[in-house]
Amino acid sequence: MPPEQEREQPMPLDGITVIELGQAVSSPLCTMLLGDLGADVIKIEPPQGDPARGYGPPFVAGESPYFLSVNRNKRSVVLDLKHPEGTRVAQELASRSDVLVTNFRPSAMQRLGLDESTLRTRNPRLIYCQVTGYGPRGPWADRPAFDQVAQGMSGLMSVTGKPESGPVRVGIAIADILAALFATYGVLAALYERERTGIGQRVDTSLLGAVIGVLTFQAGRYLAGGGDPGLEGNDHPVAAPYGTFRARDGYLNIAIANEQMWRRLAEEVGHPEWIDDPRFRSNADRVANRSLINAALEEALQADSVANWVERLSRAGVACGPIWSVGQALESEPVEHLGIVRTVEHALAGPIRLVGPAVELSRTPPVIRRTPPLLAEHTAEVLRELGYDDQAITRLAEEGAIVLGPRERAVR
């Protein structure tokens with residue numbers, strides 16, 4: 001077992017229990033981040049499991065890499081929430097927990113008796129976090145949504161792509177991921193506030209709101225009366241040269257965000273005369289003459305390879321970098337130094353590589369304590385912690401209210 005799984009050390013969220021009633025990315029990613037910080041995360045799944053377990057190919061020993069990527073540091077409990085006994089167990093878990101995170105629709109949680117008002121009567125300290133598609137109010141509150149839809153409705157797709165390509169989605173589930181980050185941010189703030197008041201509260205975020213919340217300067221341009229931003233490909237709409245450029249053997253990114261860097265670029269590519277050229281003198285001049293400076297820069301870059309330009313420009317203090325595939329990135333020197341790709345031991349697959357926490361804390365670093373769980377792996381374990389004896393657990397399994405994990409089934 002890798003050392004990081006053996007480490008027993010104080011964690012920021014030691015003693016915090018989190019219940020997840022979620023699927024796919026947004027809620028699972030939020031609770032995984034809380035688990036990385038030490039929370040005991042109990043993932044409640046239906047008998048068929050989180051649908052993300054089936055997202056593939058590829059699969060690793062029957063497990064979906066999609067599922068593995070957002071479900072470390074959790075325990076899996078399978079309850080049939082359509083069975084009254086399954087719902088009762090879920091309510092018991094919520095009544096003893098600090099946080100509940102869900103991305104089920106509000107009407108579903110109400111129907112199951114797992115809505116905020118019902119649970120709060122039993123547990124006033126509960127922090128109830130709901131991730132929806134469009135927010136908790138208005139006629140869109142209960143509509144189904146997925147990342148692709150939110151990317152389109154948020155305006156994000158309208159600024160991603162080139163005029164000849166039309167709108168293009170971001171290559172990861174960015175609306176889900178941002179909603180997970182905002183949900184985590186809200187839960188941590190609510191936990192901190194509860195330390196002062198002793199009372200829990202509701203945390204809401206949405207796929208649509210999360211993307212709107214990071215539109216930053218693109219929203220600012222519109223709100224300032226600048227009209228709708230459009231498709232500008234790899235170019236930055238308000239800085240130049242800032243984008244993707246062809247060198248002798250491929251492409252690299254160059255990002256000029258201040259005048260000092262612009263002067264260094266002009267000198268390093270052998271064109272110091274650009275500095276005083278009235279067409280390129282200021283950033284506004286260069287944005288107005290973007291096609292001219294982009295063409296001139298690409299012509300200059302033909303003199304050398306991508307690798308050499310990255311070395312030369314970096315030494316000169318110019319922000320630049322190659323354009324890597326996912327594999328090239330994960331195997332690269334800077335990612336190795338980040339230490340973010342971890343090897344852990346999976347119950348079925350053996351040693352597997354996962355992307356680990358992307359944040360470091362100097363005294364209480366996030367740790368992968370648990371590999372992504374098998375379906376129902378911890379059902380019996382968690383029910384015993386609730387006070388159920390083996391006879392009651394067996395009865396619930398026989399009635400179909402719960403599903404036991406493979407090891408539990410094997411010994412019964």
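This report describes the two largest pockets of a predicted model and one annotated span.

## Basis of the model

The model is predicted, with local features needing pLDDT of at least 70 and side-chain atom pairs counting only at pLDDT 80 or more, while totals for chains, interfaces and linings use all residues. Residues are numbered from 1 along each chain as its sequence is written, and side-chain values use heavy atoms, with hydrogens and water left out.

## Largest pocket

A pocket here is an open set of points on a 1 Å grid over the protein atoms alone, where a 1.4 Å probe fits, with protein on both sides within 12 Å along at least five of seven lines; lining residues have an atom within 4 Å of a point. The largest pocket holds about 1,300 Å³ of space, a volume being the space filled by probe spheres set on the points.

Its lining comprises 38 residues, with Met32, Ser69, Val70, Ile177 and Val355 nearest the centre. Two or more lining residues come from each of α2 (26-36), α3 (65-68), α8 (174-197), α15 (326-330) and β11 (350-355), where helices (H or I, at least four residues) and strands (E, at least two) are DSSP runs numbered from the N terminus. The lining divides into 28 nonpolar, six polar and four charged residues, with Ala, Val, Leu, Ile, Met, Phe, Trp, Tyr, Cys and Pro counted as nonpolar, Asp, Glu, Lys and Arg as charged, and the others as polar.

## Second largest pocket

The second largest pocket, of about 830 Å³, is lined by 36 residues, of which Gln23, Asn103, Phe104, Arg105 and Ala108 lie nearest its centre. α5 (106-111) is among the elements supplying at least two lining residues, and gives the most, with four.

## Annotated span

An unreviewed UniProt entry lists residues 170-192 as "transmembrane region", an annotation that may be inferred rather than shown by experiment. In the model, this span is 83% helix and 0% strand, and its end C-alpha atoms lie 33 Å apart.
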